[in-house]
Amino acid sequence: MINEVQYDPIQAGGDAAFEWLELLNRTAWTVDLTGWGIADNYGVDYIASLQLPPGGFAVIAAGDGFYDDFPDFSGDIVFIADGRVGNGLNNGGDRLVLTDSTGKTIDALSYGDDASIMSPPCQGVAEGHSLERQPAGLDTDQASDFVDNGAPSPGYGLEFAATTSTPIPTPTPGPTATPILAPVPRLTPTPMPTPTPTPTLTPVPIVDELAPPQEIEWWLVVSTIAGAAFIGLAVFYVARRRGRG
C-alpha cells in the first residue's frame, strides 16, 4: 500500500526529480513488486524489480536527487527510469494509483483539488511536508487516514498520535441510607391440650389361689348341703300343692 508521499519537496521551481512515495507491505509474506505500476493522472511507471518483506517499507523515488533531502536514508529504494513519478506530481492536487503486475488496483489516493479517488480528498500540505498514514498501514479509504507530516520519514511509519486522556471524575458518595427494619411477626401461642384425668383404679381383692385346700373343701361341703336342702324343700312344696288340687 501507499503509506507516504512527498509531492512538494523543498526545492524551488521544478521539483519533480525530488518527489518520492513510500510503500508498505502489510501482509505476512514477501511480496514481489516486479512489474507493479505507479500512476498519477497523466502517466504510469513500472517497478523494475523489488522484493518487499512482511512489514517492510520501500521508497519509490523519481531519482537519486532523493538523497539530497535524505542523505542518511539506508532503506530499500527503487528509482523510476524516466526520472519522475507519473507525469510529475502536481502540487495543487493530483492522484496516485498502485497496481499489481496484472493491472489490478491495490491502493489509491488523491489530494489537494483532485477528488477523483477520495471525496473529500486528502488535505494539501506545505512545501517540504509529506502526506502520511497515521498510524502506519491505516486504511479506511478515507482522507482522514493521512496526516500532514512536517518531518517526513521515508522508510519508517508513524505510530498513533499521542492523546491526552480526560480524567474521569470520581463520583462523590451520597449519604448512606438508613436501613429500614422489617417488622418482626408476632408469634400466636399454640393452646396447650387439657390433660385428661387419669382414672382411679379401685383395687379388686385378689383371691389367694394358694389358700389351704382344706378351707376350699369345707366351703364346697357347706354349699352342697345347703343346695340339697333347698331343692328338697322345693320338691316337698310342689308335691303338697298337687295333693290339694
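Where does G75 lie in this predicted model? G75 sits in the loop between α1 (66-69) and β8 (76-79). Keep that loop in mind, as it comes back in one of the views below.

**Figure 1. The whole chain, from the N terminus on.** Let us begin with the overall layout of the predicted model. The protein chain is built with 2 helices and 12 strands. Starting at the N terminus, its elements follow the order β-β-β-β-β-β-β-α-β-β-β-β-β-α. Of the 245 residues in the chain, 32% count as buried. The chain exposes about 16,700 Å², and carbon and sulfur atoms supply 61% of that area. Now look at which parts of the sequence touch: among contacts with a separation of 6 or more, 53% are between residues 24 or more positions apart.

**Figure 2. The largest nonpolar core, with L21 and L96.** In soluble globular proteins, nonpolar side chains tend to be buried together. The largest nonpolar core here has 29 residues, and L21 and L96 touch the most other members. Which elements give two or more residues to this core? They are β1 (2-6), β2 (20-24), β7 (57-61), β9 (93-99) and β10 (105-112). Zoom in on L21 and set aside its neighbours within four places in sequence: L21 is in contact with I2, E4, V5, I38, A58, V59, I60, V85 and L96. Apart from the largest core lies another one, of 6 residues, which include W20, V59, A61 and F66.

**Figure 3. V59, a buried residue in a strand.** This view centres on V59, which is found in strand β7. Is V59 buried or exposed? V59 counts as buried because its relative accessibility is 0%, and the cut-off for buried is under 20%. Not counting residues up to four places away in sequence, V59 touches W20, L21, E22, F66, F73, D76, I77, V78, P154 and G155. Try finding V5 as well: V59 and V5 are 54 residues apart in sequence, yet their C-alpha atoms are 9.4 Å apart in space.

**Figure 4. R95, a partly exposed residue in a strand.** For another strand residue, turn to R95 in strand β9. R95 has a relative accessible area of 26%, so it is partly exposed. Leaving out residues up to four places away in sequence, R95 touches A39, D40, N41, L89, L109, S110, Y111, D114, S116 and I117. One of these contacts is with Y111. R95 and Y111 are 16 residues apart along the chain, and their C-alpha atoms are separated by 6.4 Å.

**Figure 5. The largest pocket and its lining.** Here we look at an opening in the protein. The largest pocket has a volume of about 230 Å³. Of its 15 lining residues, M1, L24, R26, T27 and I106 are the closest to its centre. Strands β2 and β10 each supply at least two residues of the lining. How many of the lining residues are nonpolar, polar and charged? The lining divides into 10 nonpolar, 2 polar and 3 charged residues.

**Figure 6. The second largest pocket and the loop with G75.** The second largest pocket has a volume of about 170 Å³. Its lining is made up of F57, F70, P71, D72, F73, S74, G75, D76, S153, P154, G155 and Y156. By class, that lining has 6 nonpolar, 4 polar and 2 charged residues. So here is G75 from the opening question, in the loop between α1 and β8 and with a relative accessible area of 37%, which means that G75 is partly exposed. The C-alpha atoms of G75 and G56 are separated by 9.5 Å, and these two residues are 19 residues apart along the chain.

**Figure 7. Two cis peptide bonds and a positive phi.** The last view is about backbone geometry. The peptide bond from S119 to P120 is cis, with omega near 5°, and P120 is found in the loop between β10 and β11 (130-133). A cis peptide bond also joins Q134 and P135, where omega is about 0°. P135 is found in the loop between β11 and β12 (146-149). D141 lies in the loop between β11 and β12 too. Although D141 is not a glycine, its phi is positive, at about 60°. D141 counts as exposed because its relative accessible area is 55%, and the cut-off for exposed is over 50%.

Methods:
Residues numbered from 1 in each chain as written. Predicted model: local features only at pLDDT ≥ 70, side-chain atom pairs only at ≥ 80, totals over all residues. Heavy atoms only, no water. Core = buried A, V, L, I, M, F, W, Y, C linked by side-chain atoms within 4.5 Å. Buried < 20%, exposed > 50% of the residue type's maximum accessible area, 1.4 Å probe, protein only. Helix = DSSP H or I, 4+ residues; strand = E, 2+ residues; numbered from the N terminus. Contact = heavy atoms within 4.5 Å. 1 Å grid on protein atoms, 1.4 Å probe; cavity = no way out; pocket = protein on both sides within 12 Å on 5 of 7 lines; lining within 4 Å. Points joined across faces, edges and corners; volume = space filled by probe spheres on them. Nonpolar A, V, L, I, M, F, W, Y, C, P; charged D, E, K, R; others polar. Areas by Shrake-Rupley, 256 points an atom, 1.4 Å probe, with all protein chains shown as cover.
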